[in-house]
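Here are my notes on this one, written to be read with the model open beside you. I hope they help you find your way around.

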Amino acid sequence: FLPKSIAITGSGIIAVEFAKILRNLGVDVTMIIRDKVPRNALMKIGLDKDVAATLVADMVRSGIKIERNAQVKSFQVDEKNPNAPMTISLEAKG
């Protein structure tokens, strides 16, 4: 069983791996990152700027949505219907 969509917070290697895997399995993926520029977020974890830029371009090309300069403020779960989608509220970082 796969979810219809998923939000992944963070821009580390594990987050990118899960985003790519789930997107390749047909899940709508949104990555939520605190940095304004996704390439810069990946460079902070040690990737070369060209590798980071190529990786971001590949993620976008594959259909992964990237919410920039954001972080999760809150989330809501419908306790009466556990199969209902979770709602996530974002706030601008800074």
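The points below go from the overall fold to the core, the empty spaces and a few single residues.

1. **What we are looking at.** Please keep in mind that this is a predicted model. The protein chain has three helices and five strands, and along the sequence they come in the order β-α-β-α-α-β-β-β. Taken along the principal axes, the C-alpha atoms fill a box of roughly 45 × 35 × 20 Å.

2. **Burial and contacts across the chain.** Of the 94 residues in the protein chain, 24% are buried. Among the contacts with a separation of 6 or more, 45% are between residues 24 or more positions apart.

3. **The largest nonpolar core.** Which residues touch the most other members of this core? They are A19, V29, M31, M59 and I64, out of 15 residues in the core. At least two residues come from each of helix 1 (13-24), strand 2 (28-32) and helix 3 (49-61). Helix 1 gives the most, with four residues.

4. **M59, a good residue to click on.** Once residues up to four places away in sequence are set aside, M59 touches V16, K20, M31, I64 and I66. Two of the names in that list, M31 and I64, also appear with M59 among the core residues that touch the most other members. M59 turns up again in the lining of the largest cavity, so do keep its side chain displayed for point 7.

5. **K20, a lysine worth a look.** You will find K20 in helix 1. Is K20 buried or exposed? Its relative accessibility is 18%, and because the cut-off for buried is under 20%, K20 counts as buried. The side chain of K20 makes a polar contact of 2.6 Å with the side chain of D58. Beyond its neighbours within four places in sequence, K20 is in contact with D58, M59, S62 and I64, so D58 appears in this list as well as in the polar contact.

6. **V56 in helix 3.** V56 sits in helix 3 and is buried, with a relative accessible area of 11%. Leaving out neighbours within four places in sequence, its contacts are P38, R39, L42 and I66. For a sense of scale, the C-alpha atoms of V56 and T30 are separated by 13 Å, with the two residues 26 apart along the chain.

7. **The cavity.** The structure holds one cavity of 30 Å³ or more, and the largest cavity has a volume of about 40 Å³. S11, M31, I33, P38, L42, V56, M59 and I66 line it. Helix 2 (38-44) and helix 3 each supply at least two residues of this lining. What is the lining made of, by class? Seven of its residues are nonpolar and one is polar, with no charged residues. Three of the contacts of V56, namely P38, L42 and I66, are also found in this lining.

8. **The largest pocket.** This pocket has a volume of about 510 Å³. Its lining has 17 residues, and P3, S5, I6, P85 and M86 lie nearest its centre. Strand 1 (5-9), strand 2 and strand 5 (87-92) each supply at least two residues of the lining. By class, the lining divides into eleven nonpolar, three polar and three charged residues.

9. **The second largest pocket.** Here the volume is about 240 Å³. Of the 13 lining residues, G10, S11, I33, R34 and D35 lie nearest the centre of this pocket. Helix 2 and strand 4 (70-76) each supply at least two residues of the lining, and strand 4 gives the most, with three. The lining is made up of five nonpolar, four polar and four charged residues. S11 and I33, named here, also line the largest cavity.

10. **N69, a backbone detail to check.** Where is N69? It lies in the loop between strand 3 (65-67) and strand 4. Most residues other than glycine have a negative phi. N69 is not a glycine, yet its phi is positive, at about 55°. With a relative accessibility of 22%, N69 counts as partly exposed.

Key. Residues numbered from 1 in each chain as written. Predicted model: local features only at pLDDT ≥ 70, side-chain atom pairs only at ≥ 80, totals over all residues. Heavy atoms only, no water. Core = buried A, V, L, I, M, F, W, Y, C linked by side-chain atoms within 4.5 Å. Buried < 20%, exposed > 50% of the residue type's maximum accessible area, 1.4 Å probe, protein only. Contact = heavy atoms within 4.5 Å. 1 Å grid on protein atoms, 1.4 Å probe; cavity = no way out; pocket = protein on both sides within 12 Å on 5 of 7 lines; lining within 4 Å. Points joined across faces, edges and corners; volume = space filled by probe spheres on them. Nonpolar A, V, L, I, M, F, W, Y, C, P; charged D, E, K, R; others polar. Polar contact = N/O pair within 3.5 Å; in protein donor to acceptor, adjacent residues only side chain to side chain.
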